[in-house]
Amino acid sequence: MTKAVISGTGLYTPPATIENEELVQAFNAYVDNHNRQYADEIASGARDALQPSAPEFIEKASGIKRRHVIDREGILDPERLCPIIPDRPNDEPSVQCDMSVAAAREALDQAGNSAADVDAVIVACSNMQRPYPAISVEVQAALGIDGFAYDVNVACSSATFGLQAAVNAVEQGSANAVLVISPEICSGHLNFRDRDSHFIFGDACTAILVEREDRVAPGKGYDVLGTRLKTQFSNNIRNNFGFLNRGDDAGVGAPDKLFVQQGRKVFKEVSPMVAETIQSHLASVDLAPSDLKRMWLHQANLNMNQLIARRVLGRDATIEEAPVILDEYANTSSAGSIIAFHLHNSDLSTGDLGVICSFGAGYSIGCVIIRKR
């Protein structure tokens, strides 16, 4: 059977950044304004005072130091606390299309290919900026690809679920080369007024090119040895924004129409599931955790990644074994594990093994075992 190879990756990083100190300054200004506005109700006990945030709290809780965003001015305005991303006319490329094209071109360049070599585009991310026409079809047209395209949304596991779909398409013969692109504009669905989560997300876009092995030169790229997906329903990470919202006026603008999570429950429930999924997936292809050279884990929380790596390896992982990009990018949803792979694979040698693993809302887990060619 034809085998699939990851032949190239690409990354688009928005130029605007926000340091923890800047984010905290804006959030605390909002808190001060809120507490002054409702001072009487707070004094009477009818309303709780909002609590300030702090850079030290953010870094200890998450490992995040800064994030890249599409827009910083709106996010840092205490009266707004939301990015400014103007609508574009229908005859102009969408924001997600522009991000996708930039990342895709880098992946194609790295693989030594052009758009003419690609048969399919999968845009896989946690939120699409519109229901239809599909962002993937727009990207396909912008790149000049003749073939097919579709969108995938499995929240933070979208990229790995899309990657399995690409591998299946290549191995089953419906495509010779597939681009999997994840344009994550996480700042658009983050509640910057929530102390527990206002710091979590950043924006970025990744691209992965998957090809038939006979199209990739020996010694180049990564063989895909296996993929595994797992889902288990949970309300502990949720976003209720959708087209039915206008049918109930009471819910318009409510906090649950943005990102909401019960972080402690997620940490406790997801971490062992992820570790077990990686271990059982390795065993299914006759590999042991000790065979791994690297784990490119979903970049949601440093403490969570360290715990998962420890459970898999039976010891603490080194920073080389489980690289971290949280400090620079924050949580970029499904793009996180792919960013880690894109930035931290050039030192691997032929035969080295690694795992790309994402996990998040759903719950959803995607695991891909690869080997350097």
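This passage describes the overall build of the protein chain and then its nonpolar cores, as seen in a predicted model.

The protein chain folds into ten helices and 13 strands. Its radius of gyration is 21 Å, close to the 21 Å expected from the globule rule for 373 residues, so the chain is as compact as a globular protein of that length. Along the principal axes, the C-alpha atoms occupy a box of roughly 70 × 55 × 35 Å. Contacts reach well along the sequence: of those between residues at least 6 apart, 78% join residues at least 24 apart.

Turning to the surface, the accessible area of the protein chain is about 16400 Å², and carbon and sulfur atoms account for 49% of it. Charged side chains number 33 positive and 47 negative, with the centres of the two sets 5 Å apart.

On the inside, 53% of the 373 residues count as buried. In soluble globular proteins, nonpolar side chains tend to be buried together. Here, the largest nonpolar core holds 51 residues, and the members touching the most others are Val274, Ile278, Ile308, Val355, Cys357 and Phe359. Elements that each supply at least two residues of this core include helix 1 (20–37), helix 8 (302–313), strand 12 (353–360) and strand 13 (364–372). Helix 7 makes the biggest contribution to this core, with seven residues. A helpful place to start looking is Val274: beyond its neighbours within four places in sequence, Val274 is in contact with Ile308, Cys357, Phe359 and Ile365. A second core, separate from this one, comprises 35 residues, among them Ala159, Ala166, Ala175 and Tyr329.

Notes:
Residues numbered from 1 in each chain as written. Predicted model: local features only at pLDDT ≥ 70, side-chain atom pairs only at ≥ 80, totals over all residues. Heavy atoms only, no water. Helix = DSSP H or I, 4+ residues; strand = E, 2+ residues; numbered from the N terminus. Rg over C-alpha atoms; globule rule 2.2 N^0.38 Å. Buried < 20%, exposed > 50% of the residue type's maximum accessible area, 1.4 Å probe, protein only. Contact = heavy atoms within 4.5 Å. Areas by Shrake-Rupley, 256 points an atom, 1.4 Å probe, with all protein chains shown as cover. Lys, Arg positive; Asp, Glu negative; His and termini not counted. Charge placed at Lys NZ, Arg CZ, Asp CG, Glu CD. Core = buried A, V, L, I, M, F, W, Y, C linked by side-chain atoms within 4.5 Å.
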